[in-house]
Amino acid sequence: MYTAADLRKGLRVEVDGVPYIITEFNFTKPGKGQSIYNCRLKNMLTGSTFPKSYRSNDTIDKPNLEEKRVRYSYAEGDRFIFLDEGYEQVVVGADVLRNNRFFLDEDMPVDVLFHNGEPVDVSLPNFVEKEVVHTEPGARGNTATNVLKPAQIAGGYEIHVPLFVNQGDIVRIDTRTGDYCERVNKR
């Protein structure tokens, strides 16, 4: 059990049997009465958010969370198979992976977060390198500002890259945002 004084941004709590993470936190001490802890909670299962206020004497449940380091093995339709150190299979659905499924590479180490034995979140390395499989050639002379063009990477995800990136180039992508970071090499 947490007390209201333990609340902070990034803390994982449980409300009505559902795990939430605190995305915003604000402490208010009015002239009279108890302190108020205003939070914005993000549902770790659905991604929806809502505001919630706590008084200084409130208690909050700790979620039953476990994190496990696994390696990506293969995909089977909308199911993604990972292996832990004991070669036990961990099956994660596409609804849990969301856009992270486009950044998976064979044998990539990832962290899977479990709530009551069910996977609820997958944390990839912050950056991955992927090949650009399709993009239009950049137009010459259009370099006055940071002009971007769409590009499709291996796996089917579309990002926006600078004009100098061509088909076959390897680019580094930030998996937290899904945005282009830099060109790693040119083929």
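User: I'm new to this structure. When do two strands count as paired in a sheet?

Analyst: Two strands pair if DSSP finds at least two bridges between them. This is a predicted model, and in it four strands form an open sheet in the order 2-3-4-5, with antiparallel pairing.

User: Which are the edge strands of that sheet?

Analyst: An edge strand pairs on one side only, and here that describes strand 2 (12-15) and strand 5 (49-55). From one strand to the next, the twist averages 45°.

User: How many bridges join strand 4 to strand 5?

Analyst: Seven bridges join these two antiparallel strands. To find your place on them, look for I36, which stands opposite R55 in strand 5.

User: Thanks! Now the rings: how do I read an aromatic pair?

Analyst: Look at the distance between ring centres and the angle between the planes; pairs that are neither stacked (under 30 degrees) nor edge-to-face (over 60) count as tilted. The count here comes to seven aromatic pairs. Take F27 and Y37: their centres are 5.1 Å apart with 50° between the planes, so the pair is tilted.

User: Why does the pair of F27 and Y37 tie together parts that are apart in sequence?

Analyst: Because F27 lies in strand 3 (residues 18-28) and Y37 in strand 4 (residues 36-43), the pair links parts 10 residues apart in sequence. Ring pairs also bring in F25, making a cluster of F25, F27 and Y37.

User: Are F27 and Y37 buried or exposed?

Analyst: Buried means under 20% relative accessible area. Y37 has 10% and counts as buried, while F27 has 43% and counts as partly exposed.

User: What lies over the face of F127?

Analyst: That is R176, at 5.4 Å from the ring centre.

User: And how should I read a nonpolar core?

Analyst: Look for the members that touch the most others. The largest nonpolar core has 29 residues, and in it F82, V92, L104, V110, V122, I159 and V171 touch the most other members. A second, separate core of 13 residues includes L7, V13, Y20 and I22.

User: Where is V165, and what does it touch?

Analyst: V165 is in the loop between strand 14 (158-162) and strand 15 (170-174). Its relative accessible area is 0%, so V165 is buried. Leaving out residues up to four places away in sequence, V165 touches V132, T135, K149, V171, Y180 and R183. Of these, R183 is 18 residues from V165 in sequence, yet the two are 7.1 Å apart in space, C-alpha to C-alpha.

Notes: Residues numbered from 1 in each chain as written. Predicted model: local features only at pLDDT ≥ 70, side-chain atom pairs only at ≥ 80, totals over all residues. Heavy atoms only, no water. Core = buried A, V, L, I, M, F, W, Y, C linked by side-chain atoms within 4.5 Å. Buried < 20%, exposed > 50% of the residue type's maximum accessible area, 1.4 Å probe, protein only. Phe/Tyr/Trp six-rings, centres within 6.5 Å; stacked < 30°, edge-to-face > 60°. Lys NZ or Arg CZ within 6 Å of the ring centre and 35° of its normal. Axes fitted to C-alpha atoms, helices over the stretch in contact; angles between N-to-C directions. Contact = heavy atoms within 4.5 Å.
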